[in-house]
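This briefing goes through one protein model by topic. Please keep the sequence and the structure open while reading.

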Amino acid sequence: MRLLLVEDNQRLAETTKKGLEKESFTVDWFDTLSDAAAALETVSYDAVVLDLGLPDGDGLELLSNLRKKGSSTPVLILTARDGIDERVRGLDGGADDYLLKPFALEELIARIRALLRRPGGALGLLLIAGNVSFDTTAREVLVDDKPISVSRREMGVLEQLMRRNGRVVPKDVLEDKLYGFGEEVTSNSVEVHISRLRKRLLKAKASITVHTLRGVGYLLSEDT
Ligand code: CA
């Protein structure tokens, strides 16, 4: 899951980013409207966490542009202003939720998860393929109901593959979901995670196989 965090308070942004990453989200952080808008042009985010008072304008502008373009990406507004007007304007402008500053990180995470679990949201509760189940809320992978250990990025790979079970997942889509801006992606990073994941699945006797379609991407299938 890749999130866009737009917040100009550096300290708050850094703690929030760190906290979200610990929960296995990939986070891109920007402190201006213009940088955030540029990022939204190139990346399809699963959700946006948006501060309203930004150095180059009001976060609500970004929200309104996003909705004008027909995007339904969930947006959670962060605001220090407790005036009811701001909240109403935000929700009227197409925000899905809001949180008043100061907030507890746990609450932000819970709210984001709730947004992602909405119908059409990026987070389905439980993904199942063959004898493998993936609890996307607890971030736990089970084979025959027994938990197996999987690294954060391998989990990200598996999640995308399971969401598109039986359909091709292009390599660049995986890279996009797994790495934020400024994170180094070597050309074989995804292959490395796929290969480790395959070993783990094999060892746990999972009844699913990850296929490589050279030059195209990856495909998950259930063994028969
Ligand atoms: Ca601000």
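Is V168 buried, partly exposed or exposed? V168 counts as partly exposed, because its relative accessibility is 38% and the partly exposed class lies between the buried limit of under 20% and the exposed limit of over 50%. The model is a predicted one. The points below cover the surface patch, the calcium site, the salt bridges, two helices and some backbone details.

**Surface patch**

- V168 belongs to strand β12, which covers residues 168–170.
- Together with L213 and V216, V168 makes a nonpolar surface patch of about 210 Å².

**Calcium site**

- The calcium ion has D8 (OD), D51 (OD) and G53 (O) as its protein donors, at 2.2 to 2.3 Å.
- Along the chain, the spacing of these donors is D-x42-D-x1-G.
- D8 and D51 come from distant parts of the chain, 43 residues apart: D8 sits in the loop between β1 (2–6) and α1, and D51 in strand β3 (residues 47–51).
- D8 is partly exposed, at 33% relative accessible area, whereas D51 is buried, at 4%.

**Salt bridges**

- The structure has 15 salt bridges.
- One of them pairs the side chains of R2 and D28, with an N to O distance of 2.6 Å. R2 is in strand β1 and D28 in strand β2, so this pair ties together parts 26 residues apart in sequence.
- Both partners of that pair are buried: R2 has a relative accessible area of 3%, and D28 has a relative accessibility of 2%.
- K101 and E7 form another salt bridge, in which the closest N and O atoms are 3.0 Å apart. This pair links distant parts of the chain, 94 residues apart, with K101 in the loop between β7 and α5 and E7 in the loop between β1 and α1.
- K101 is partly exposed, with a relative accessible area of 22%, while E7 is buried at 1% relative accessibility.
- R67 and D96 also meet through their side chains in a salt bridge, at 3.0 Å from N to O. R67 lies in helix α3 and D96 in the loop between α4 (84–92) and β7, and the two are 29 residues apart.
- Both R67 and D96 are partly exposed, R67 with a relative accessible area of 22% and D96 with a relative accessibility of 23%.
- E7, D51 and K101 are joined into one network by salt bridges that share partners. D51 is also a donor of the calcium ion.

**Helix α2**

- Helix α2 spans residues 33–42, and its buried residues are L33, A36, A39 and L40.
- These buried residues fall within an arc of 125° when seen down the axis of α2, so they line one face of the helix.
- E41 and T42, on the other side of α2, are exposed.

**Helix α3**

- In helix α3, residues 59–68, the buried residues include G59, L60, L62, L63 and L66.
- Viewed down the axis of α3, its buried residues lie within an arc of 155°, so they line one face of the helix.
- The N-terminal end of α3 is capped by D58, which has a side-chain oxygen 2.9 Å from the backbone nitrogen of L60.
- G70, just after α3, has a positive phi of about 85°.

**Backbone details in loops**

- The peptide bond from K101 to P102 is cis, and its omega is near -5°. P102 is in the loop between β7 (97–100) and α5 (105–117).
- S24 is not a glycine, yet its phi is positive, near 70°. S24 lies in the loop between α1 (10–22) and β2 (26–30). With a relative accessible area of 15%, S24 is buried.
- K205, likewise not a glycine, has a positive phi of about 60°. K205 is in the loop between α8 (189–203) and β13 (208–213). At 68% relative accessibility, K205 is exposed.

**Distance along and across the chain**

- L5 is part of strand β1 and is buried, at 1% relative accessibility.
- L5 and Y218 are 213 residues apart along the chain, and 29 Å separates their C-alpha atoms.

Definitions and conventions:
Residues are numbered from 1 along each chain as its sequence is written. This is a predicted model: local features need pLDDT of at least 70, side-chain atom pairs count only at pLDDT 80 or more; totals for chains, interfaces and linings use all residues. Side-chain values use heavy atoms; hydrogens and water are left out. Patches are made of residues with over 30% relative accessible area and no salt bridge: like charges are joined within 9 Å, nonpolar side chains (Val, Leu, Ile, Met, Phe, Trp, Tyr) within 5 Å. Accessible areas come from the Shrake-Rupley method with a 1.4 Å probe; for residues, only the protein chains shown count as cover. A salt bridge is a side-chain nitrogen of Lys or Arg within 4 Å of a carboxyl oxygen of Asp or Glu. Helices (H or I, at least four residues) and strands (E, at least two) are DSSP runs, numbered from the N terminus. Buried means under 20% relative accessible area, exposed over 50%, partly exposed in between (1.4 Å probe, protein chains only). The arc is that of the directions from the helix axis to the C-beta atoms. A polar contact is a pair of N or O atoms within 3.5 Å; within protein, one must be able to donate a hydrogen and the other to accept it, and residues adjacent in sequence count only if both atoms are side-chain atoms. Donors are N, O and S atoms within 2.8 Å of the metal (3.2 Å for Na, K and Ca); water is not among the atoms, so sites may look incomplete.
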